[in-house]
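Welcome, and thanks for taking a look at this one. Here is a short briefing to read with the model open beside you.

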Amino acid sequence: MKQPGKLDSLEMPATGGTLDRMKGFYSAAFGWSFTDYGPTYSAFAEGLDGGFQADAEEAPAKPLPVLYSENLEETLGAVESAGGTIVKPIFPFPGGRRFHFVDPAGNELAVWSV
C-alpha cells in the first residue's frame, strides 16, 4: 500500500550501458523481471519499485529516490518550507505527476502522485 512520505520507487540511469544490457545483468544476477514502457524505459518491481532510464536527456545523473504523496501541491509546499529547493516544478509523466527537489545535503529526490 502506498504511504505518504515513504520511499516508493527508485529510478536509476542506464546510459552507461544499453538498456538491454542493464536488464540482462539484473535478470541474471538477481532474477529480476521487467516491464518495458517504450524503447528507453524499463520498470522493475523487486521489493522497491523502480526502473532504468536509457534516454540520456531524461536519465538522472545518480539514482533518484521517489516518494509518494496524496497531495502533490501540499507536499511541494512542505518541501520548500523545510528548506528544500525545487529543481523541477510539478510536471506530468506516464502514470501521474511529479516534481523534483534537492535536500539541504544536495541529494535530488522526486515526489509523485496520481
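The notes below go through the cores, one helix, the largest pocket and a few single residues. Please keep in mind that this is a predicted model. A good place to begin is the largest nonpolar core, which has eight residues, and then the largest pocket, with about 890 Å³ of space.

**Nonpolar cores**

- The largest nonpolar core is built from L67, L72, L76, V79, F99, F101, L109 and V111.
- Two or more of these residues come from each of helix 2 (72-81), strand 7 (96-102) and strand 8 (108-113).
- Helix 2 is the biggest giver to this core, with three residues.
- If you click on F101, you will find contacts with V79, T85, I86, V87, N107, E108, L109 and V111, leaving out residues up to four places away in sequence.
- There is also a second, separate core of seven residues, and L19, Y26, W32 and F44 are among them.

**Helix 2 and its two sides**

- In helix 2, the buried residues are L72, L76 and V79.
- These residues sit on the same side of helix 2, because they cover an arc of only 60° around the axis.
- In general, an α-helix has 3.6 residues a turn, so residues three or four places apart point the same way.
- Turn to the other side of helix 2 and you meet E74 and S81, which are exposed.
- The cover over the buried residues of helix 2 includes strand 6, strand 7 and strand 8.

**The largest pocket**

- About 890 Å³ of space lies in the largest pocket.
- Its lining has 35 residues, and those closest to the centre of the pocket are E11, Y41, V66, F93 and R98.
- Two or more lining residues come from each of strand 1 (7-13), strand 3 (41-46), strand 4 (48-53), strand 5 (64-68), strand 6 (85-93), strand 7 and strand 8.
- Sorted by class, the lining holds 16 nonpolar, nine polar and 10 charged residues.

**D8, in strand 1**

- D8 is found in strand 1.
- Is D8 buried or exposed? D8 counts as buried because its relative accessibility is 13%, and the cut-off for buried is under 20%.
- Leaving out residues up to four places away in sequence, D8 touches K2, L48, D49, V66, L67, Y68 and W112.
- From D8 to V111 is 103 residues in sequence, yet their C-alpha atoms are 9.0 Å apart in space.

**E46, in strand 3**

- E46 has its place in strand 3.
- With a relative accessible area of 30%, E46 is partly exposed, since that class lies between under 20% for buried and over 50% for exposed.
- E46 touches W32 and S33, not counting residues up to four places away in sequence.
- E46 and F30 are 16 residues apart in sequence, and 9.5 Å separates their C-alpha atoms.

**T40, in a loop**

- Where does T40 lie? T40 is in the loop between strand 2 (34-36) and strand 3.
- T40 counts as partly exposed, at 29% relative accessibility.
- Apart from its neighbours within four places in sequence, T40 is in contact with L19, F52, Q53, A54 and D55.
- T40 and A59 are 19 residues apart along the chain, with 9.6 Å between their C-alpha atoms.

Notes. Residues numbered from 1 in each chain as written. Predicted model: local features only at pLDDT ≥ 70, side-chain atom pairs only at ≥ 80, totals over all residues. Heavy atoms only, no water. Core = buried A, V, L, I, M, F, W, Y, C linked by side-chain atoms within 4.5 Å. Buried < 20%, exposed > 50% of the residue type's maximum accessible area, 1.4 Å probe, protein only. Helix = DSSP H or I, 4+ residues; strand = E, 2+ residues; numbered from the N terminus. Contact = heavy atoms within 4.5 Å. 1 Å grid on protein atoms, 1.4 Å probe; cavity = no way out; pocket = protein on both sides within 12 Å on 5 of 7 lines; lining within 4 Å. Points joined across faces, edges and corners; volume = space filled by probe spheres on them. Nonpolar A, V, L, I, M, F, W, Y, C, P; charged D, E, K, R; others polar. Arc of directions from axis to C-beta.
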